[in-house]
Amino acid sequence: MIELNDTDLQEAATAIRRGMEVYVHRAHGRMLIADDPERNVRADPEVFEAVMQDVSTDPDAYVHIERMTAPEALKIMAAFTDRVRNQELWQALTYALKRPNPFQNFKAELSRFPKNYERWREFRQEKYTAYVRAKLVEEQS
């Protein structure tokens with residue numbers, strides 16, 4: 001069974017949220033995290049290549065935790081919106097999710113409400129951590 005401590009789960013969740021590649025060794029839980037230079041110009045190609053080389057030597061030894069799909073991420077945003085008690089913010093977020101570029105619009109609306117923005121960040125981190133945990137459990141089935 002793949003066991004990650006809370007710190008590693010948080011780190012994996014943050015990496016997934018940022019679009020990075022995350023691999024977890026099945027036997028000992030060692031994580032390999034790298035940002036793909038084709039998706040992020042600031043990513044270090046040497047780190048990415050080293051991680052990919054490690055994984056390619058024994059691909060069955062690693063679990064690749066896929067990035068969350070856009071519809072899954074939108075569901076998290078909608079779930080947060082459903083918890084918002086401020087009517088003005090609730091309306092703004094609901095509308096933001098229905099317009100083109102919902103990710104940008106959602107963030108822009110939240111930035112007008114700093115206290116709720118912090119709540120969003122905590123909520124999002126919890127959901128991404130649960131996503132990572134679920135993917136690891138799913139891999140063991």
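Reader: What is the mean pLDDT of the protein?

Author: Good place to start! This is a predicted model, and 99% of its residues reach a pLDDT of 70 or more. Across the whole protein, the mean pLDDT is 92.

Reader: Which helix has the lowest mean pLDDT among the elements?

Author: At the high end stands α3, with a mean of 97. At the low end, with a mean of 89, is the helix spanning residues 45-57, named α2.

Reader: Which element gives the largest share of the largest nonpolar core?

Author: That core has 29 residues, and V24, I65, F80, W120, V132 and L136 are those with the most contacts inside it. Several elements give two or more residues to it, including β1 (21-25), α3 (70-83) and α6 (114-139). The largest share, six residues, comes from α6.

Reader: Is F80 buried or exposed?

Author: Let's use the cut-off: a residue is buried when its relative accessible area is under 20%. F80 has a relative accessibility of 5%, so F80 counts as buried.

Reader: What kind of aromatic pair do F80 and F106 form?

Author: The two rings come from distant parts of the chain, F80 in helix α3 and F106 in helix α5, 26 residues apart. Their centres are 6.5 Å apart, with 75° between the planes. Planes over 60 degrees apart count as edge-to-face, so this pair is edge-to-face.

Reader: Why is the pair of W120 and F123 called tilted?

Author: Both residues are buried, and they sit three residues apart in helix α6, about one helical turn. Stacked needs planes under 30 degrees apart and edge-to-face over 60. The pair is tilted because its planes are at 35°.

Notes:
Residues are numbered from 1 along each chain as its sequence is written. This is a predicted model: local features need pLDDT of at least 70, side-chain atom pairs count only at pLDDT 80 or more; totals for chains, interfaces and linings use all residues. Side-chain values use heavy atoms; hydrogens and water are left out. A nonpolar core is a set of buried Ala, Val, Leu, Ile, Met, Phe, Trp, Tyr and Cys residues joined through side-chain atoms within 4.5 Å. Buried means under 20% relative accessible area, exposed over 50%, partly exposed in between (1.4 Å probe, protein chains only). Helices (H or I, at least four residues) and strands (E, at least two) are DSSP runs, numbered from the N terminus. pLDDT is the predictor's confidence in each residue, from 0 to 100. Rings of Phe, Tyr and Trp (its six-membered ring) pair if their centres lie within 6.5 Å; planes under 30 degrees apart count as stacked, over 60 as edge-to-face and the rest as tilted.
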